[in-house]
Amino acid sequence: MVNFINDSTLIQTEVWFLLFDIVGIISVSLSIIFGLLYLFIVIKHKTYSSVQLLLVCNSCIAVILFSCVLLNMTIFTLQHDLQHSSENNTLFCIILGFLSFITDGLQNYSYLLTAVYQYISVVYPNKIIWRTVKFQFYLVIIIWIVCIIDMVPVFVTGQISYNIDNQICQIPLRLSVSVIYVGAIIYMIPNFGIVAVYIKLTRYVHQISLRTISNNTLFHARRELKLVKRTFILSNTLIVIGIPYMIFNYMSFFTSPPKYYFRIAYICVDISVLMVVIIGYCFTPNIKTIIRKKFTRSTPVEPMTIRYTART
């Protein structure tokens, strides 16, 4: 452990800080690379229908942007851990914290939008306009605008501050309106919405399976339920791996969290984003076959030519 004084502030740097920084950089870098590759594959090979492709690309772009912000945040932390600095370029750090809220919200709401679309396609199949590319594109734009506007009050009121111990800019975890507001907007509303959609669609599919309906309708309903279940798994992966952040959040309402709580919480966030990208690969139809063909493509063998000589 290294102790140093900067602007009369005692700062401690420990070896495991650098280990967490490096693991975080590797995780989010892989998330960006795999996310871009995934986006390229689904667009080029058209593995989804038009509307589903729009929603999948929206989720993928949100994950990539969130990963880019996390990468810059982790590099910022690593640089300050190595340089033993505490006050340089804090405005950039605060902007990164602001962007992390926006992109995290975009990711969660993109999953909610996907789940709602799948629910509508089963329960309200006659509402054609709700399932058009144009209508869903407008919803995507609205969600992006809302996610940005919702976080502006947090930024302009100075709620995001520089945490010297964790070398990160976030809202300090404590019982406050800003913590509850951000938690509700970014996490509670979209995740509870996905759970509600999954439960309602499960009940609906169970009800129609007991009635006499066409096999095609039942097959379509079960297929959409399966897709909603995948979305449910993706969102819950973020929740499960992000449990340390939730624990520290709730702990702060009653007592002070550990000194380096943001370092512990954000290494889990970095890993969870990578896990979501990997799960996305596993859930995408035919993507394994496409990747396998790309890597196992053999060089074409030239046909053998046989020369005959005339006998004399």
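**Pocket, cavities and helix packing**

Mentor: In this predicted model, the residues lining the largest pocket divide into 19 nonpolar, 7 polar and 1 charged.

Trainee: What makes a residue of that lining count as nonpolar, polar or charged?

Mentor: The class follows from residue type alone: Tyr and Met count as nonpolar and Gly as polar, while the charged class holds Asp, Glu, Lys and Arg. Gly183, Tyr187, Tyr245, Met246 and Asn249 lie nearest the centre of the largest pocket, and by that rule Tyr187, Tyr245 and Met246 are therefore nonpolar, whereas Gly183 and Asn249 are polar.

Trainee: How many residues line the largest pocket, and what is its volume?

Mentor: The lining has 27 residues, and the volume is about 650 Å³.

Trainee: Which helices supply at least two residues each to this lining, and which gives the most?

Mentor: The helices are α3 (90–123), α5 (177–210), α6 (215–241), α7 (243–252) and α8 (261–283), and α5 gives the most, with 9 residues.

Trainee: Why is a space called a cavity rather than a pocket?

Mentor: The test is whether a 1.4 Å probe that fits inside can get out: where it cannot, the space is a cavity, whereas a pocket is an open set. A search of the whole structure finds 4 cavities of 30 Å³ or more, and the largest of the cavities holds about 440 Å³ of space.

Trainee: What surrounds the largest cavity, and what classes of residue are found there?

Mentor: It is lined by 22 residues, with Tyr38, Tyr48, Val56, Leu234 and Gly280 nearest its centre. Two or more residues of this lining come from each of α1, α2, α3, α6 and α8, and the largest share, 6 residues, comes from α2. By class, the lining has 13 nonpolar, 8 polar and 1 charged residues.

Trainee: Which residues lie nearest the centre of the second largest cavity, and what makes any of them charged?

Mentor: Among its 14 lining residues, Asp21, Thr74, Thr77, Arg263 and Tyr266 lie nearest the centre. Asp and Arg belong to the charged class, so Asp21 and Arg263 count as charged. The lining as a whole has 7 nonpolar, 4 polar and 3 charged residues, around about 170 Å³ of space. At least two lining residues come from each of α1, α2 and α8, and α8 gives the most, with 5 residues.

Trainee: Why is α1 called roughly antiparallel to α2?

Mentor: The axes of α1 (residues 15–45) and α2 (residues 50–83) come within 8 Å and cross at roughly 155 degrees. Angles over 145 count as roughly antiparallel, which makes α1 roughly antiparallel to α2. The crossing is left-handed, and the contact of the two helices has 22 nonpolar, 7 polar and 2 charged residues.

Trainee: How do you know that α1 should be described differently against α8?

Mentor: The axes of α1 and α8 are 9 Å apart and the packing angle is about 25 degrees. An angle under 35 degrees counts as roughly parallel, and that makes α1 roughly parallel to α8. This crossing is left-handed, and the contact has 16 nonpolar, 5 polar and 3 charged residues.

Trainee: Where does UniProt place the feature "transmembrane region", and how much helix do residues 15–41 and 137–160 hold?

Mentor: The unreviewed UniProt entry gives residues 15–41, 53–76, 88–106, 137–160, 180–201, 231–248 and 260–284. Residues 15–41 are 100% helix and 0% strand, with end C-alpha atoms 40 Å apart. Residues 137–160 are 83% helix and 0% strand, and their end C-alpha atoms lie 32 Å apart.

Technical notes. Residues numbered from 1 in each chain as written. Predicted model: local features only at pLDDT ≥ 70, side-chain atom pairs only at ≥ 80, totals over all residues. Heavy atoms only, no water. 1 Å grid on protein atoms, 1.4 Å probe; cavity = no way out; pocket = protein on both sides within 12 Å on 5 of 7 lines; lining within 4 Å. Points joined across faces, edges and corners; volume = space filled by probe spheres on them. Helix = DSSP H or I, 4+ residues; strand = E, 2+ residues; numbered from the N terminus. UniProt positions renumbered as here; feature names shortened; annotations may be inferred. Axes fitted to C-alpha atoms, helices over the stretch in contact; angles between N-to-C directions. Parallel < 35°, antiparallel > 145°, perpendicular 65-115°, else oblique. Left-handed = near helix turned anticlockwise from the far one by under 90°.
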